[in-house]
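Me: I should like to learn how to read the side-chain and domain features of a protein model. Could you take me through them one by one?

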Amino acid sequence: MTGLFYTTVESPVGDLLVAGDGNRLHFISFPTGHKAFGPRPDWQRYDAPFSEARRQLDAYFAGELKQFDLAYHLSGSGFQNRVWAYLATIPYGETTTYGTIAKALGDPNASRAVGTANGNNPLPILLPCHRVIGANGALTGFGGGLPTKKFLLKLENAWEEPPQADLFFERL
């Protein structure tokens with residue numbers, strides 16, 4: 001995508017890169033993790049179109065916003081777009097699994113494909129891929145890094161860190 005505008009939004013997980021065409025969001029990038037990226041050379045810094053995105057992100061991190069209402073553009077494959085649309089339906093404070101999404105999309109054997117699409121989500125937080133966890137309840141990979149995923153889930157009271165095994169054995 002060429003010719004996008006971008007800004008940064010301060011957050012408790014670091015400065016988020018937010019990019020769009022002036023009317024719709026195209027990307028949100030975390031400052032850390034294996035999927036983090038900065039502005040592309042043909043993007044222009046322009047803060048004005050992102051005032052509502054900034055307001056909603058601030059409200060989300062303050063625990064005051066449970067559902068985003070922002071226009072966005074997705075440019076994935078048909079399957080990716082279906083997965084990303086499903087992510088938008090996962091309620092605040094709840095989690096689901098890759099297998100559950102695969103079944104809901106009509107292909108119970110597509111858990112890995114769902115995971116790949118989830119990992120390529122261009123609008124994390126807005127399309128809450130952090131709410132997708134492993135079938136055994138474990139946190140799995142996250143483009144913004146597992147500490148960021150933990151933070152987001154704890155912010156939503158959607159996940160509690162299991163007790164450390166060594167603490168368990170100390171009590172025996």
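Reply: The dialogue below treats aromatic pairs, charges over rings, domains, salt bridges and one buried residue in turn. This is a predicted model, in which local features need pLDDT of at least 70 and side-chain atom pairs count only at pLDDT 80 or more, while totals for chains, interfaces and linings use all residues. Residues are numbered from 1 along each chain as its sequence is written, and side-chain values use heavy atoms, with hydrogens and water left out.

Me: How many aromatic pairs does a search of the whole structure find?

Reply: Rings of Phe, Tyr and Trp (its six-membered ring) pair if their centres lie within 6.5 Å; planes under 30 degrees apart count as stacked, over 60 as edge-to-face and the rest as tilted. The search of the whole structure yields eight such pairs. One of them joins Phe27 and Phe37: the ring centres are 5.7 Å apart and the planes stand at 85°, so the pair is edge-to-face.

Me: Where in the chain do Phe27 and Phe37 lie?

Reply: Helices (H or I, at least four residues) and strands (E, at least two) are DSSP runs, numbered from the N terminus. Phe27 belongs to strand β3 (residues 25-29), whereas Phe37 is in the loop between β3 and β4 (44-45); the pair links distant parts of the chain, ten residues apart.

Me: Which accessibility class does Phe27 fall into, and which does Phe37?

Reply: Buried means under 20% relative accessible area, exposed over 50%, and partly exposed in between (1.4 Å probe, protein chains only). Phe27 has 18% relative accessibility and therefore counts as buried. Phe37, at 25%, counts as partly exposed.

Me: What is the geometry of the pair formed by Tyr60 and Tyr92?

Reply: Tyr60 and Tyr92 are edge-to-face, with 6.2 Å from centre to centre and 85° between the planes. Tyr60 is in helix α1 (residues 51-61) and Tyr92 in the loop between α2 (78-87) and β5 (96-97), so that this pair too links distant parts of the chain, 32 residues apart. Tyr60 is buried at 1% relative accessibility, and Tyr92 is buried at 19%. Together with Phe61 and Phe68, Tyr60 and Tyr92 form one aromatic cluster.

Me: Which rings have the charged end of Arg40 over them?

Reply: A charge sits over a ring if NZ of Lys or CZ of Arg is within 6 Å of the ring centre and within 35 degrees of the ring normal. Arg40 lies over the face of Phe27 at 5.7 Å from the ring centre, and its charged end also sits over the ring of Phe37, 4.6 Å from the centre.

Me: What does the domain assignment give, and how much area is buried between the domains?

Reply: Domain bounds come from an automatic or database domain assignment. That assignment gives domain 1 (5-62) and domain 2 (79-156), whose centres, taken over C-alpha atoms, are separated by 20 Å. Contact means heavy atoms within 4.5 Å; here 16 residues from domain 1 and 18 residues from domain 2 take part. Buried area is the accessible area (1.4 Å probe) that two parts lose on being put together, summed over both. Between these domains it is about 1400 Å², with 71% given by carbon and sulfur atoms. On the domain 1 side, Ile28, Phe30 and Tyr60 lose the most area to domain 2, together 45% of what that side buries.

Me: How many salt bridges cross the interface, and how many are found in the whole structure?

Reply: A salt bridge is a side-chain nitrogen of Lys or Arg within 4 Å of a carboxyl oxygen of Asp or Glu. The rule finds zero across the interface of domain 1 and domain 2, and four in the whole structure. Among them, Arg55 and Glu52 have their closest N and O atoms 2.6 Å apart; both lie in helix α1, three residues apart, about one turn of the helix.

Me: Are Glu156 and Arg131, which form another salt bridge, buried or exposed?

Reply: Glu156 is buried at 3% relative accessibility, and Arg131 is buried at 4%. Their side chains meet at 2.8 Å, N to O.

Me: Which residues are in contact with Asn118?

Reply: Asn118 lies in helix α4 and is buried, with a relative accessible area of 6%. Leaving aside neighbours within four places in sequence, Asn118 is in contact with Val83, Trp84, Leu87, Tyr98, Cys129 and Val132.
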